[in-house]
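Me: I am new to this structure and would like to go through it step by step. Could you take my questions one at a time?

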Protein chains: 2
Amino acid sequence: MAKTAAALVIGNEILTGKVAEANVLVLARELFGLGIELRRIVVCPDEVDTIAADLRALSDSHDVVVTSGGVGPTHDDVTIKAVAQAFGVRIVRAEAYTTLLRDYYGERLTDMHLRMADVPEGARLAMTQDNRWPTVVMRNVYVFPGVPQIFAGKVSVLRAELASGKRFHSRAVYVRLDEPTLAPLLDRLAAGHPDVNIGSYLTWDKAADYDTKLTVDGRSADAVEACMGELLCGIAPTLVVRIE
Amino acid sequence: MAKTAAALVIGNEILTGKVAEANVLVLARELFGLGIELRRIVVCPDEVDTIAADLRALSDSHDVVVTSGGVGPTHDDVTIKAVAQAFGVRIVRAEAYTTLLRDYYGERLTDMHLRMADVPEGARLAMTQDNRWPTVVMRNVYVFPGVPQIFAGKVSVLRAELASGKRFHSRAVYVRLDEPTLAPLLDRLAAGHPDVNIGSYLTWDKAADYDTKLTVDGRSADAVEACMGELLCGIAPTLVVRIE
C-alpha cells in the first residue's frame, strides 16, 4: 500500500511573517520522488500543547510525519517536549548523542549544549553516511530542525529509510491557451481518467512563453501516458510550447 | 479582544513540490501588521471533502480564515464548492459578478468564464479601490486565488475590513553569540516576561554579519521595550551587531 505523509512546521517566525518558510518545498519534492503522498502540511506556533495535539492527530492519520523547527537549546525550542507529551513518554538524555556532543565541543561543552541530547523516551537516533548528527525519530515522527541548510541535509534520512519503489510518474505540457478555454477538455479528461491527477496552473509571469501549465501525475506510468496522449490530442500542436 | 486568523492553502501543486508556496509570507506579514494573530496554516489537497472539513474546523476556531488557491474555471478548482459544503449552502451565480465578466470579456464570454461568478449562497462580494475584481467572503472566510500576483493584490481587502488598531509591537537585535550561550539569558527573560514573545533564530548564512537574531513581540509597546531593555543589558555591547 502506498505511503502517506504529513508535515508539521513549528514556528512563530513563520506565522508572524518574519521568515519565509523554505523547508516544505524541499520535503515535498523529496517525498514525491520517493513515491510518498504528502497529504497535509500544518504550521503551528511554538506551544507545547498545540504541537502535541497536532502531532497526535497527524501521526494517527498518516504513515510518516516530518516536523520542522523548534529544535535547539533556547526557550522557544519546544518540539522535543511536545513529541514526548504527544506520545505520553518522559524526556531522557540520549547517551550516544551526549558522546557526540562531548567529542565535538570538548571543553567548551555546557549544559545548554547537552539539551540537544534530550529526546523522548523510546525515540531512536537515525544516522546516515551524509549526516554527522543524529535525527530523532519517535515512532513514525521524524524530528528535523528548522534551519533550511540543516533541514535540506536531513532528507537523506528519509531517502535511506522510506524508499518504497512505488514512485509517481509525472508529465507536463506548457500551452498558449487560457484556463476557460481549456476547462471543457480538462473536465472530460478528469472524468475519464480517475486514476491520475490532472493539474492546471496559469502563469501571470509576463516573461513566460506560455499561458498555462498542465500536469498529469499518477502511480501507473501507463495511466499517465494514456491521459497525456489524450490531452495532447485535444490541443492544437501550434499552441503547445513544450512537453516535459 | 484581539483577533485570531488561520490560512488554508489549497493545492496539490504545493504538496507535490511542483510549486513553491508564496502567499503565506505575504498574508502573515499583512496580518501581523494589522495586529491579527495568525495561529495556524494548513495546506491540503484539491479535494472537496477535505477542504470543507478543514474550513469548518478553522472557521469555528478563528475569527478570520483566508483561503489561497483552487479558484478558477478548471476541474481542479474546487474551493467554492467546498466552502458551500462547509456551510451547508447551495452554489448560486452572483449577478453582480456576471455583469463584471460580461463587461470584461464581451463577445468572448463563455460558460467557462461564467463559472467564476458561481459563489456559495449567502456569500458577499468584497471590493476595494485597488481591486477591480470582487473577493468572495462567506461568513468569516475570505476566498483568495492562489496565483501570487493576484493574491498579493487581495490583501487590500483584509486591510480595508480588518484594521483593528491593536497592532503588534516588534523589536529585534542581531548578535554575535550562539544559541547555547544565549539560552540561560533567554530562559530568564521568557520566565520574567510572560506578556511578550521572545524568538531566537540562528543563521547558517556564512555571509551574515551576526550569529543569532533575537526578536521581542507583544501587544504592549511598554512590555516589549521593558523586555528589550533587559535583553540588551544581558549582552556585551561589542557583541551587538544592530538593533531594529
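Me: How much area is buried between chain A and chain B?

Reply: This is a predicted model, and the value is computed from its atoms. The contact draws on 53 residues from chain A and 53 residues from chain B. Carbon and sulfur atoms give 57% of the area buried between the two chains, which comes to about 4,600 Å².

Me: How many salt bridges are there between chain A and chain B?

Reply: One pair that forms a salt bridge is A:Glu47 with B:Arg39, whose closest N and O atoms are 2.7 Å apart. Between chain A and chain B, the count of salt bridges is 8.

Me: Which residue of chain B stands opposite A:Ile41?

Reply: Strand E2 of chain A, residues 37–44, and strand E2 of chain B, also residues 37–44, pair in the antiparallel sense over 3 bridges. Opposite A:Ile41, in E2 of chain B, stands B:Val43.

Me: Is A:His62 buried or exposed?

Reply: In chain A, the loop between helix H3 (48–61) and strand E3 (64–68) holds A:His62. Leaving aside neighbours within four places in sequence, A:His62 is in contact with several residues, including A:Thr4, A:Arg39 and A:Asn140. A residue counts as buried when its relative accessible area is under 20%. Because the relative accessible area of A:His62 is 10%, this residue is buried.

Me: With which side chain does the side chain of A:His62 make a polar contact at 3.1 Å?

Reply: The residue in question sits in the loop that follows helix H3 (48–61) of chain A and leads to strand E3 (64–68). At 3.1 Å, the side chain of A:His62 makes a polar contact with the side chain of A:Ser61.

Definitions and conventions
Residues are numbered from 1 along each chain as its sequence is written. Chains are lettered from A and ligands numbered from 1 in the order in which they are written. This is a predicted model: local features need pLDDT of at least 70, side-chain atom pairs count only at pLDDT 80 or more; totals for chains, interfaces and linings use all residues. Side-chain values use heavy atoms; hydrogens and water are left out. Contact means heavy atoms within 4.5 Å. Buried area is the accessible area (1.4 Å probe) that two parts lose on being put together, summed over both. A salt bridge is a side-chain nitrogen of Lys or Arg within 4 Å of a carboxyl oxygen of Asp or Glu. Two strands pair if DSSP finds at least two bridges between them. Helices (H or I, at least four residues) and strands (E, at least two) are DSSP runs, numbered from the N terminus. Buried means under 20% relative accessible area, exposed over 50%, partly exposed in between (1.4 Å probe, protein chains only). A polar contact is a pair of N or O atoms within 3.5 Å; within protein, one must be able to donate a hydrogen and the other to accept it, and residues adjacent in sequence count only if both atoms are side-chain atoms.
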